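Hi,

Here's the structure I said I'd pass on. Have a look at it first, then read my notes below.

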Amino acid sequence: MVDSVFMAELSWPEWQTKVEAGAIILLPLGATEQHGPHLPLNVDVILPTAVAESVARHIGGLVAPTLQYGYKSMPRTGGGQSFPGTTSLDAQTFSHTIRDVIRDMGLHGARRFVIINGHFENAWPSVEGLDLALRDLRAEGIRDVKAMRLEYWDFVQRETLDRIFPGGFPGTELEHASLIETSLMLRLRPDLVDLSKIPQESRANFPPYDIVPPPPGYLRKSGVLADARGSCAEIGQWLLDDHVTMITAALTKEFGR
Ligand code: ZN
Ligand code: MN
C-alpha cells in the first residue's frame, strides 16, 4: 500500500480508507504571482504546501492538491496584477473552485477540512468558497462537516518576530517577497532563489487606501514590498518550526487527537 500524505499520490481505495478513518484534509491555497526578481512565481504555492505537508505528518492528515492560482494580486500586498507572470482568478472563479473541491470530497465522505492559505488576497474569497461548500453539502443532507481556515503566517511566536525584526515587525502585508518569504524559500527551495538579484531597497510606503487604476509611481517597480536583504535559511527554519508546531496544536485543539 502506498503511504503518502499527498492525496493525489494515493489510489482511491487508499484515500477512502483514510478518510473513513477520520483523516483531516488539508487544502493549501496558492497563487501564481511575481515575487520580485530573486524569487520564482510559485512562492505562494511552495510555502503553504510545505507547511501542510509537515502538519499532515504530525496529525495523520492528507494534503489535497494545492490550488496553483489565487485571487488577484493587489499593489499594497502583492505588487499588483500588472507584473508579467502574475496570473490570477476572478474572486468568483476562485471561490467556486474551493466550493467544488470541498463539496466533492464531502460527498465522498470527508468531514474534516483545514484550508491553509498562502497568498494574502485569497483570504476573503476562500471564506466564501468554504461557506458555499458547506451550504451545498447541507443541501445534500450532510451536516457534520467541520472546517478550519487559516493564514499560515499568523502562527508565529512574538519572540521569533522580535528576533527576526529587532527594530519591530512592520506587519505581514508588506512582507511580500521580502525577508520572511525569501528566508522560507532559502530553507525549502534554495535552488529557486537568486540572492544576487535581491533589490537594494527598503520598505515601500503606501497610503492607507487603494487607487484604481494605480497611478504612475504608485506600484513598487521591483515587485518586492519590504526589505529582503539579510534573508537566510536559519530564519526560514525558525518560522517553519513555529508554523508547523502552532498549526498542529490548533488542529489538535479543534479536532482532537
Ligand atoms: Zn507570497
Ligand atoms: Mn501572494
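**The metal site**

One thing to keep in mind: this is a predicted model. The manganese ion (ligand 2) has three protein donors, namely E33 through OE, D44 through OD and H119 through ND1, at 2.0 to 2.3 Å from the metal. Along the chain, these donors are spaced as E-x10-D-x74-H. There is a second metal too: the zinc ion (ligand 1) sits 3.4 Å from the manganese ion (ligand 2), and D44 coordinates both.

The two ends of that spacing come from loops. E33 is in the one between strand 1 (25–29) and helix 2 (43–59), while H119 is in the one between strand 3 (112–117) and helix 5 (123–139), so the pair ties together parts 86 residues apart in sequence. Both are out of sight from the surface by our cut-off of under 20%: E33 is buried at a relative accessible area of 1%, and H119 is buried at 1% as well.

**Helix 2**

D44 is one of the buried residues of helix 2, and I spent some time on that helix. Helix 2 runs for 17 residues and covers 25 Å from first C-alpha to last, close to the expected 24 Å. Mostly, helix 2 is covered, with 12 of the 17 residues buried; among them are V43, I46, L47, A50 and V51. What do the buried residues of helix 2 pack against? Their partners are strand 1, strand 2 (62–63), strand 3, helix 7 (179–188) and helix 8 (233–255). After helix 2 comes G60, with a positive phi near 70°.

Cheers

Methods
Residues are numbered from 1 along each chain as its sequence is written. Chains are lettered from A and ligands numbered from 1 in the order in which they are written. This is a predicted model: local features need pLDDT of at least 70, side-chain atom pairs count only at pLDDT 80 or more; totals for chains, interfaces and linings use all residues. Side-chain values use heavy atoms; hydrogens and water are left out. Donors are N, O and S atoms within 2.8 Å of the metal (3.2 Å for Na, K and Ca); water is not among the atoms, so sites may look incomplete. Helices (H or I, at least four residues) and strands (E, at least two) are DSSP runs, numbered from the N terminus. Buried means under 20% relative accessible area, exposed over 50%, partly exposed in between (1.4 Å probe, protein chains only). The expected span of a helix is 1.5 Å times one less than its number of residues. Contact means heavy atoms within 4.5 Å.
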